[in-house]
Amino acid sequence: MQIDFTGKRVLVTGGTRGIGRAAVKSFLEAGALVAVNGRTTESTASGTAALGGGDRVFAAPGDISKAADCENVVNTAVEMLGGLDVLVNSAGVAQSGIIEDFDEAAWDRTLDVNLKGTFFCVRAALVALRESKGNIVNLASDAGLIGDPRLTVYCASKGGVVNMTRAMALELAPDVRVNCVCPGFIDTDMVRRDGIEKADDPAAEEQALIDYAALKRIGTPGEIASAIVYLASNEARFVTGAAFQIDGGSTAG
Ligand SMILES: NC(=O)c1ccc[n+]([C@@H]2O[C@H](COP(=O)([O-])OP(=O)(O)OC[C@H]3O[C@@H](n4cnc5c(N)ncnc54)[C@H](O)[C@@H]3O)[C@@H](O)[C@H]2O)c1
């Protein structure tokens with residue numbers, strides 16, 4: 001299956017690192033014009049430079065934990081791209097800890113990026129997406145489908161993304177499709193730098209993450225990017241409201 005995005009206009013939030021960055025690369029390979037969002041002007045500039053720049057890459061910096069920034073990011077992208085066909089909400093944060101570790105500020109930090117930011121980016125993109133009959137792919141998680149101890153707040157945010165995706169899919173049909181992907185553990189900074197490397201016993205932590213998946217390994221960002229590109233493509237034209245697990249079987253039973 002050859003997916004062609006030539007001339008299609010895509011915005012990826014959190015597109016400078018990890019899964020978002022892999023999605024940006026895949027969309028570029030498929031011929032799309034891509035606006036890349038990072039939290040700051042500097043991180044976005046270095047992220048787009050690392051992608052090799054090129055005349056199909058645009059910078060749309062902004063902190064999507066703030067509704068006003070979501071609007072600015074989307075408006076910048078729509079202006080530079082000349083419209084919008086696909087919105088990928090990949091910006092996200094994860095903090096682990098027991099319930100008592102989370103005060104109001106820590107709750108807000110996670111929910112504001114993962115759930116509020118996703119909602120307000122969608123809201124800001126609606127005019128452009130309705131015009132193009134475009135679609136949205138949200139980054140949820142296997143932690144949005146099943147509980148994970150020490151990730152209660154993250155689970156709350158991603159469970160919210162899963163069900164918000166379904167509600168949006170119903171509200172925006174038939175003009176705009178809305179889906180989410182639910183990755184298991186994927187080898188990005190979120191898991192390796194902020195998780196494995198900070199554990200008391202990094203080797204044991206890595207082995208635990210490997211064992212968590214039925215397929216006995218950690219996934220790659222490219223494996224999630226492939227699913228994102230599929231859902232965003234015309235090949236998935238009958239798919240909306242889906243929560244697509246790409247988790248090596250971690251939620252299978
Ligand atoms: N890595 C995994 O195992 C995994 C599993 C399931 C779901 N996810 C989800 O996939 C998405 C991407 O995660 P990743 O693993 O690539 O993480 P990552 O930490 O490698 O990248 C996350 C990106 O989001 C950006 N970001 C964070 N807060 C932001 C903000 N306020 N404004 C703008 N950008 C912001 C970061 O700068 C970074 O570029 C997240 O939503 C994450 O929750 C990841």
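# Questions about a ligand site and a sheet

Visitor: What makes the ligand and isoleucine 64 a polar contact?

Guide: A nitrogen atom of the ligand sits 3.0 Å from a polar backbone atom of isoleucine 64. A polar contact is a pair of N or O atoms within 3.5 Å (inside the protein, one must be able to donate a hydrogen and the other to accept it, and residues adjacent in sequence count only if both atoms are side-chain atoms), so this pair qualifies. Bear in mind that this is a predicted model, where local features need pLDDT of at least 70 and side-chain atom pairs count only at pLDDT 80 or more, while totals for chains, interfaces and linings use all residues. Residues are numbered from 1 along each chain as its sequence is written, and side-chain values use heavy atoms, with hydrogens and water left out.

Visitor: Which other ligand atoms come within that polar cut-off, and of what?

Guide: One ligand oxygen is 3.3 Å from an N or O atom in the side chain of threonine 16. Another entry is a ligand oxygen at 3.4 Å from a polar backbone atom of glycine 92.

Visitor: How many residues surround the ligand, and which are the closest?

Guide: There are 29, with Ile19, Asp63, Tyr154, Ile186 and Thr188 the closest. A residue makes that list if one of its heavy atoms lies within 4 Å of the molecule.

Visitor: What makes β3 an edge strand?

Guide: Start with the order, β3-β2-β1-β4-β5-β6-β7, in an open sheet of seven strands with parallel pairing. β3 (57-59) and β7 (243-246) each pair on one side only, which is what puts them at the edges. From one strand to the next, the twist averages 20°. Strands here are DSSP E runs of at least two residues, helices are H or I runs of at least four, and both are numbered from the N terminus.

Visitor: How do you know that β2 and β3 pair?

Guide: Pairing takes at least two DSSP bridges between two strands. Strand β2 (residues 33-36) and β3 have three, in the parallel sense. The bridge partner of alanine 35 in β3 is phenylalanine 58. Helix α2 (residues 41-50) lies across β2 and β3, at about 170° to β3. Such angles run from 0 to 180 degrees between N-to-C directions, with axes fitted to C-alpha atoms (for helices, over the stretch in contact).

Visitor: Why do you say the buried residues of α2 share a side?

Guide: The buried ones are Thr44, Gly47 and Thr48. They span an arc of only 95° around the axis, so they fall on the same side of α2. That arc is taken from the directions from the helix axis to the C-beta atoms. They pack against α1 (18-29), β2 and β3. On the face turned away are the exposed Glu42, Ala49 and Ala50.

Visitor: Why is asparagine 138 called buried?

Guide: Its relative accessible area is 0%, and buried means under 20% (exposed is over 50%, partly exposed in between, with a 1.4 Å probe and protein chains only), so asparagine 138 is buried. Asparagine 138 belongs to strand β5, and a polar contact of 3.1 Å joins its side chain to that of threonine 165.

Visitor: What about asparagine 179, buried or exposed?

Guide: Buried, because its relative accessibility is 0%. Asparagine 179 is in strand β6 (residues 177-183). A polar atom of its side chain lies 3.2 Å from the backbone nitrogen of glycine 241. Apart from neighbours within four places in sequence, its contacts (heavy atoms within 4.5 Å) include Asn138, Thr165 and Gly241.
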